[in-house]
Amino acid sequence: MMKSFLITPLLFLRKNLLLVILPILLLSVLVVFTFNTIAQNVDSKQSMEVSPPSQEITVEPGDKKVITAKIRNISNQTYPVTVRIENFVANGDEGQVALEAADVNSISSWAKISPKTFSLAPGESQEVTATVSIPKKGIAGGQYGSFIFSVKGKEEGNAAAVAQEVGSLFLIRVNGDVDERLTLLNLSAKDFSEYGPVPLTMKFENTGNVHVKPYGLINITDMFGQRVTDIVVPGKNVLPGSVRNIESTLDRKFLIGKYKATAIMYYGTTKNHTLTAEASFIVIPYKAILVLAAIFTLLYISRKRLKKVMKALGGK
């Protein structure tokens, strides 16, 4: 009876093997199709890369400067590309930028691009140049432009083509009556933390007419005035007429007590300027301390009880 019970399912599987395998094959095809679709979508969203992301250039009034950027097709499709130059300004306090309408006193009206249109096959790259003719008067300070590469996707059926734009920024310093004026408004940290790392934020304001790049370090000392560490702060540009936050981190997990952070920052091309600011913060791993206190309390109570038991046993 048992033998007959085992043979029956085997015979069923042999006779209906196709019914068993077919759903598995269909599922495999569906998974592969879905993966390929996702890969194509990702590829279409990230079809181009540009270099450099940004560059800094110094010129004299009346100069003619050639600026270059390169775009590469990292997708598996061929795309038409058009190029233009636009001005940009600071937008927000995290280093973002926003494109700005052109006028006669801006880079976009001084620049000539070559080539303006082309196609890129998969893996191909193209270098583009902008020849910028700097006026002779009235434009000392910072001038800001960007290559804007526009890529239009292919239409498939009734689906609309997806457009993509990528940029390569260039920051031009025109020598002359340049005003470098930067203020370190404050250095801030979270007042209380249980553990590190501890984020530190410096807020800078540029009231001059040219971009400046503050750099330096943040010195950390403990409650006894002993040096804990120095955090190196690399230079980051602050555009004129903007406020920018520059972040650093005290990258240590276990800290305990009150600490002081002192920022010592430098900037300036023609003259070196120093900016300082301070902030204090407290780090106490209170949960760990409470757990240890509870353990020691239990040990103390247990010890007292053990003494009483030993005394009682000794009395007997």
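Two strands count as paired if DSSP finds at least two bridges between them, and this criterion underlies the pairings described in the legends below, which refer to a predicted model.

**View 1. Strands E11, E13 and E16 form an open, antiparallel sheet of three strands in that order.** Strand E11 (182-189) and strand E16 (242-250) each have a single partner strand and stand at the edges, so one side of each is left without a neighbour in the sheet. Direction ignored, neighbouring strands of this sheet are turned against each other by 20° on average. Between E11 and strand E13 (residues 198-206), which run antiparallel, there are seven bridges, and Ser188 has Thr201 in E13 as its bridge partner.

**View 2. An open sheet of five strands, with mixed pairing, follows the order E12-E18-E17-E14-E15.** Its edge strands are strand E12 (192-193) and strand E15 (227-233), each of which pairs on one side only. E12 runs parallel to strand E18 (residues 273-283), to which two bridges join it, and Ser193 stands opposite Val283 in E18.

**View 3. The largest nonpolar core has 29 residues, and Ile71, Phe147 and Phe149 are those with the most contacts inside it.** When neighbours within four places in sequence are left aside, the residues in contact with Ile71 include Met48, Val50, Val81, Phe118, Leu120, Phe149 and Val166, and among its other contacts are Glu49, Glu124, Ser125 and Gln126.

**View 4. A second, separate core has 28 residues, including Ile246, Leu250, Leu275 and Val283.** In soluble globular proteins, nonpolar side chains tend to be buried together. Val283, one of the residues of this second core, is also the residue of E18 that Ser193 stands opposite.

Key
Residues are numbered from 1 along each chain as its sequence is written. This is a predicted model: local features need pLDDT of at least 70, side-chain atom pairs count only at pLDDT 80 or more; totals for chains, interfaces and linings use all residues. Side-chain values use heavy atoms; hydrogens and water are left out. Helices (H or I, at least four residues) and strands (E, at least two) are DSSP runs, numbered from the N terminus. Axes are lines fitted to C-alpha atoms, for helices over the stretch in contact, and angles run from 0 to 180 degrees between N-to-C directions. A nonpolar core is a set of buried Ala, Val, Leu, Ile, Met, Phe, Trp, Tyr and Cys residues joined through side-chain atoms within 4.5 Å. Buried means under 20% relative accessible area, exposed over 50%, partly exposed in between (1.4 Å probe, protein chains only). Contact means heavy atoms within 4.5 Å.
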